[in-house]
Amino acid sequence: MSTMLGQYLRQFGQKLVRRKPQFREEPESSETPPPNTLDLVVIGLDNMLGAGIYILIGGVAKYVAGPAIILFLLVAGLTTLLSGLCYVELAAGVEKPGTVYFISYVTMGQLYAFITGWNLLLYLITAIACIAQAWSSIFDSLIGNHISEALEGTFSLQMSYFLASFPDFLALGLVLLLTGEKGPETEREEQGLLALRVYESTLIYKVFTGLNILVLSFIILSGFIKGDLHNWKLTEQDYTLAAAGSGDAYSLGLLGSGGFVPFGFDGILQGAATCFYAFVGFAGIVNAEGRKASNPQWSMPLAVMISLFICFLVCFGVSAALTLMVPYYLIQLESPLLQPFIYVGWNSAKYVMAVGTLSILLYSLLSIMFIMSQLTYAMAEDGLLFRGLAWIPAHTDAHTIIIRTTYARIIVHTVAPTGTPIMAILVPGTLAAVMALLFDFTDLVDLMSFQSLLAHSLVTFSVLVLRYQPAQNGSKKEKTEEETETKPEVEGGPLESEPEAGTSNILQSLWFPPSTIPTRKSGQIVYGCASLVLLLIILSLILYRWSSQVFSGDPVLTTVAVLLLLLITGVTVIIWRQPQNPSTLPFRVPALPALFLVSTFMNVYLMIQMTTRTWAQFGIWMAIGFAIYFGYGIQHSLGENNDQQPAASTFQT
């Protein structure tokens, strides 16, 4: 009985960590020259300068940061930079480019890939709902806010406290329009806009990219022309005058302590966590184009750093212009970039900005929805989600598609007749529509930023673990060294001296590894030491809840914090002493494991700044995901030894 139980548990554990094989290489193209660093920077900026700038700044500046939002962006940008460098190494270790989900499946195993993909799916769904609400608010402001006033007057008393003040039917209709179809038997002309699968259009891509640059440049220049430095030095008297004259035109926020940092240091960290989404998009540099660069070991990390720096400068300029043109407590939450022009008397500019912003948000919405549908299709094709979500009508011919979007360059190489993954569009699209209808805009922004931080933390953790693991196809030399390493443990001695010898061998392998290359034992040591993430979480909680007591010398809390720091330092040194994988990669993150320690601590500490409601929503989503995985996915998923052919298409996002 115990043998059968042990065999079952062993098989169960093997399913959790089995990896997905790579079936084929990315086809090379000899017609186009390899991209240089500048080309990669342009791709990165195309990915980063999306909807995040248009939807995040208002809420952070009004309720969390005030004019100090520029400092929040700096903290978020530095945190993203560390994670971005880790992502470069993680993607470089895979033979062909792919999504974070695909890379995790190939390198870390099935359960880790499911957690990564499931959270990425929530991030995309939340982003769609958030952008749809922002689009709805901007459109409503153009027609005098008649829609919101009517809905709020009708439904405000019937909504629960954890939902929005009124249902956003306009956002619901927008998402359903982009995803829906009239029936399973309908032709492609009758399907929703996303199901139509608009193919590559270089002209459309260039038009929206240029429009985005023009809109952001106009906002920054307007801030220099019409901005007032007094809005960075507001007092209680200014707030009183604003409250008396605001009426129904503006929703008045809090003053805080006034000045440049009205909500203190705690507000800076909370705002930085929310601003994290503004820097998402560096993955486009690494995936397809970065690997084709003539000098990828320098081009990819340099392009990531330059792109993030330019993105920070743009976000800095837009945030500074916004808070200079209008007092932070008068900023409109969902459409912050239109209100300043009304406030300074440029009413005509409001309509120009509205048309440009609506177009950019709509294009971003379509881009994210396409990526969401392909991620859903990939997970369903792998069996981690219900296979019905991967259903494709077989009425179209085989073809190759290249799609350029604001968020990604998506390359689809079809190997069999295929069509549109209808269910992969409809199911998550409908969920996004419901969230856009019922959820509060601020909750959506917080949840979206939380998922970004979590995804970057998973990437950083993967890099740490994989750097210290032996090669999957180890050489004879590696196996010989591993056998030599484990041999002393088998050799016996007196019975009473065996525990001491075992302890001695363990301590010796921790501080003085016998091998210069990773072995199975050294990899297991790093796996175990990676639990320092738990120590970082505990330390972050203590600093978040009782920071003043810790730094003021409270005997209990200060002692606990110091002990945690000592444990974290000791575990980090143990990881540092283990041999690293000598495989040649286009790029390797420097200063590992110290960079992992700093990056993970920053990500975790920023995640803790999120509200209890955000953590509860995340917990519910993960509970649903684990129920799907352990109830269905683990039994129907593809394993490393599975001979099933690859999916009909491979989507690079």
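Helix H9 runs over residues 202–226 and includes Leu221. In this predicted model, Leu221 is exposed, with a relative accessible area of 52%. Leu221 teams up with Phe224 and Ile225 in a nonpolar surface patch, and together they offer about 390 Å² of accessible area. As a bit of background, an α-helix has 3.6 residues a turn, so residues three or four places apart point the same way.

Now for the inside. The largest nonpolar core counts 183 residues, and Ile55 and Tyr277 have the most contacts within it. Helix H6 (residues 110–142) is the top contributor to this core, giving 18 residues.

Then there's helix H5 (residues 100–107), which is mostly covered, with 8 of its 8 residues buried. Among them are Val100, Tyr101, Phe102 and Ser104. What sits over the buried residues of H5? The cover includes helix H4 (69–92), H6, helix H15 (347–381) and helix H17 (441–467). After H5 comes Gly109, with a positive phi near 110°.

On to the cysteines: how many disulfides does the structure hold? It has 0. Cys315 doesn't pair up because its sulfur is 4.1 Å from the closest cysteine sulfur, in Cys311, which is too far for a bond; the cut-off for a disulfide is 2.5 Å between sulfur atoms.

Here is how three residues from this tour compare in exposure:

| Residue | Relative accessibility | Status |
|---|---|---|
| Leu221 | 52% | exposed |
| Cys315 | 1% | buried |
| Cys529 | 10% | buried |

Both Cys315 and Cys529 count as buried because they fall under the 20% cut-off.

Terms used: Residues numbered from 1 in each chain as written. Predicted model: local features only at pLDDT ≥ 70, side-chain atom pairs only at ≥ 80, totals over all residues. Heavy atoms only, no water. Patch = residues over 30% accessible without salt bridge, like charges linked within 9 Å, V, L, I, M, F, W, Y side chains within 5 Å. Areas by Shrake-Rupley, 256 points an atom, 1.4 Å probe, with all protein chains shown as cover. Salt bridge = Lys/Arg side-chain N within 4 Å of Asp/Glu carboxyl O. Helix = DSSP H or I, 4+ residues; strand = E, 2+ residues; numbered from the N terminus. Buried < 20%, exposed > 50% of the residue type's maximum accessible area, 1.4 Å probe, protein only. Core = buried A, V, L, I, M, F, W, Y, C linked by side-chain atoms within 4.5 Å. Contact = heavy atoms within 4.5 Å.
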